[in-house]
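Reader: I have a new model open on my screen and would like a friendly guide to it. Could we go through it together?

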Amino acid sequence: MDVKIEDSWKNSLTNVFQAHFFKELAEFVKSEYQNHQIFPPGKEIFNAFWHCPLPKVKVVILGQDPYHGEGQAHGLSFSVKPGIPFPPSLLNILKELKNDLGKDMPPNGDLTRWADQGVFLLNATLTVRANQAGSHQHRGWEIFTDEVIKVINKERDHVVFLLWGAYAQKKAELIDSSRHLILKAPHPSPLSAHRGFLGCGHFSKANDYLSKTNQDPIAW
């Protein structure tokens with residue numbers, strides 16, 4: 001895996017890319033792409049980083065695994081390309097957006113428009129085998145993405161971290177809550193969304209905080 005990543009991230013993560021664990025991870029991922037159907041397509045693994053350079057990060061939305069169905073994953077957590085039906089969690093995210101800010105359901109589930117405004121859509125694991133959820137977990141991606149969160153925590157100020165579900169909420173220990181806003185809610189999955197994700201008001205709360213810290217709010 002030849003790491004082609006946006007310059008601000010490349011500079012801040014130089015030591016991580018040179019670490020032994022990352023070299024092992026890169027070999028594993030390269031071999032997987034050669035021998036299996038892997039999502040997202042290789043050139044889209046670092047999509048979130050390209051669309052949202054480090055100096056522009058305002059909001060972080062953390063997912064766990066890329067979608068493992070055909071044509072769904074494109075390197076942005078919870079997002080799918082135009083023409084792909086909304087996965088259930090994304091549908092609940094968009095329902096909450098309507099509840100919270102009155103935004104009508106968009107024509108597609110492509111969240112690139114968020115990423116381009118400073119919403120960093122990061123999955124904890126950046127690759128997956130087709131139709132095998134979690135198949136690339138515990139191979140090193142989680143170490144890498146924890147380092148990414150640490151870099152954001154250290155190098156940025158007044159970032160909103162939206163931590164949905166128990167897995168994402170564990171990452172709160174990597175974040176300095178005196179310098180950033182941490183908002184927690186149940187996961188938007190249909191299994192848990194009705195336990196408090198729907199009605200959490202995170203989109204308006206994020207924008208209120210951005211406004212208070214002299215940043216432009218997100219046009220969700």
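Author: Happily; what follows is a set of questions and answers on this predicted model.

Reader: Let's begin with the record. Which residue does UniProt list for "active site"?

Author: The entry is an unreviewed one, and its annotations may be inferred rather than shown by experiment. In the model, the residue in question is found in the loop between β2 (59-63) and α5 (88-101). The name that UniProt lists for "active site" is Asp65.

Reader: Which backbone nitrogen lies 2.6 Å from a polar atom of the side chain of Asp65?

Author: Start with what Asp65 touches beyond its neighbours up to four places away in sequence: Asn123, Thr125, Val128, Ala133, Gly134, Ser135 and Gln137. One of these residues brings its backbone nitrogen to 2.6 Å from a polar atom of the Asp65 side chain, and that residue is Gly134.

Reader: The record also has a "Uracil-DNA glycosylase-like" domain annotation. How far apart are the end C-alpha atoms of residues 50-210?

Author: The unreviewed UniProt entry gives residues 50-210 as the range of that domain annotation. Over this range the chain is 30% helix and 14% strand. Its end C-alpha atoms are separated by 22 Å.

Reader: Now to helix α3. What span should its 16 residues have, and what is the distance between its end C-alpha atoms?

Author: Helix α3 runs over residues 20-35, and at 1.5 Å a residue its 16 residues should span 22 Å. The model agrees with that expectation, since the end C-alpha atoms of α3 are 23 Å apart.

Reader: Are the buried residues of α3 on the same side or on opposite sides?

Author: The buried residues of α3 are Phe22, Leu25, Ala26, Phe28, Val29 and Glu32. They cover an arc of only 165 degrees around the axis, so they lie on the same side of α3. Exposed residues sit on the other side of α3, namely His20, Glu27, Gln34 and Asn35. As for what covers the buried residues, it includes α2 (14-18), β1 (38-39), β4 (128-129) and α7 (141-155). To return to your question, the buried residues are on the same side.

Reader: I like aromatic rings. How many degrees lie between the planes of Phe17 and Phe22?

Author: The model has 19 aromatic pairs in total. Phe17 and Phe22 form one that is edge-to-face, with 5.0 Å from centre to centre and planes at 75 degrees. Phe17 counts as buried because its relative accessibility is 14%, and Phe22 is buried at 2%. Both also belong to a cluster linked by ring pairs, with Trp141 and Phe144 among its other members; the angle you asked for is 75 degrees.

Reader: And how many residues apart in sequence are the parts that Trp164 and Phe197 tie together?

Author: Trp164 and Phe197 make an edge-to-face pair, 5.0 Å centre to centre with 80 degrees between the planes. Both residues are buried. Trp164 lies in strand β5 (residues 160-164) and Phe197 in the loop between β6 (181-185) and α9 (202-212), so the parts they tie together are separated in sequence by 33 residues.

Reader: Is His202 buried or exposed?

Author: His202 has its place in helix α9. Leaving aside neighbours within four places in sequence, its contacts include Glu96, Asp100 and Trp164. With a relative accessibility of 2%, under the 20% cut-off, His202 counts as buried.

Reader: What about Lys10: what is its relative accessible area?

Author: Lys10 lies in helix α1 (residues 7-12). Beyond residues up to four places away in sequence, Lys10 touches Ile5 and Phe17. Lys10 is partly exposed, because its relative accessible area is 39%.

Reader: Last, the backbone. Which peptide bond is cis, with omega near -5 degrees?

Author: Most peptide bonds are trans. The cis bond leads into a proline, Pro40, in the loop between β1 and α4 (47-51). With omega near -5 degrees, the bond is the one from Phe39 to Pro40.

Reader: Is Phe78, with its positive phi, buried or exposed?

Author: Most residues other than glycine have a negative phi. Phe78 is not a glycine, yet its phi is about 70 degrees. Phe78 lies in the loop between β2 and α5, and at 9% relative accessibility Phe78 counts as buried.

Conventions: Residues numbered from 1 in each chain as written. Heavy atoms only, no water. Helix = DSSP H or I, 4+ residues; strand = E, 2+ residues; numbered from the N terminus. Contact = heavy atoms within 4.5 Å. Polar contact = N/O pair within 3.5 Å; in protein donor to acceptor, adjacent residues only side chain to side chain. Expected span 1.5 Å × (residues − 1). Buried < 20%, exposed > 50% of the residue type's maximum accessible area, 1.4 Å probe, protein only. Arc of directions from axis to C-beta. Phe/Tyr/Trp six-rings, centres within 6.5 Å; stacked < 30°, edge-to-face > 60°.
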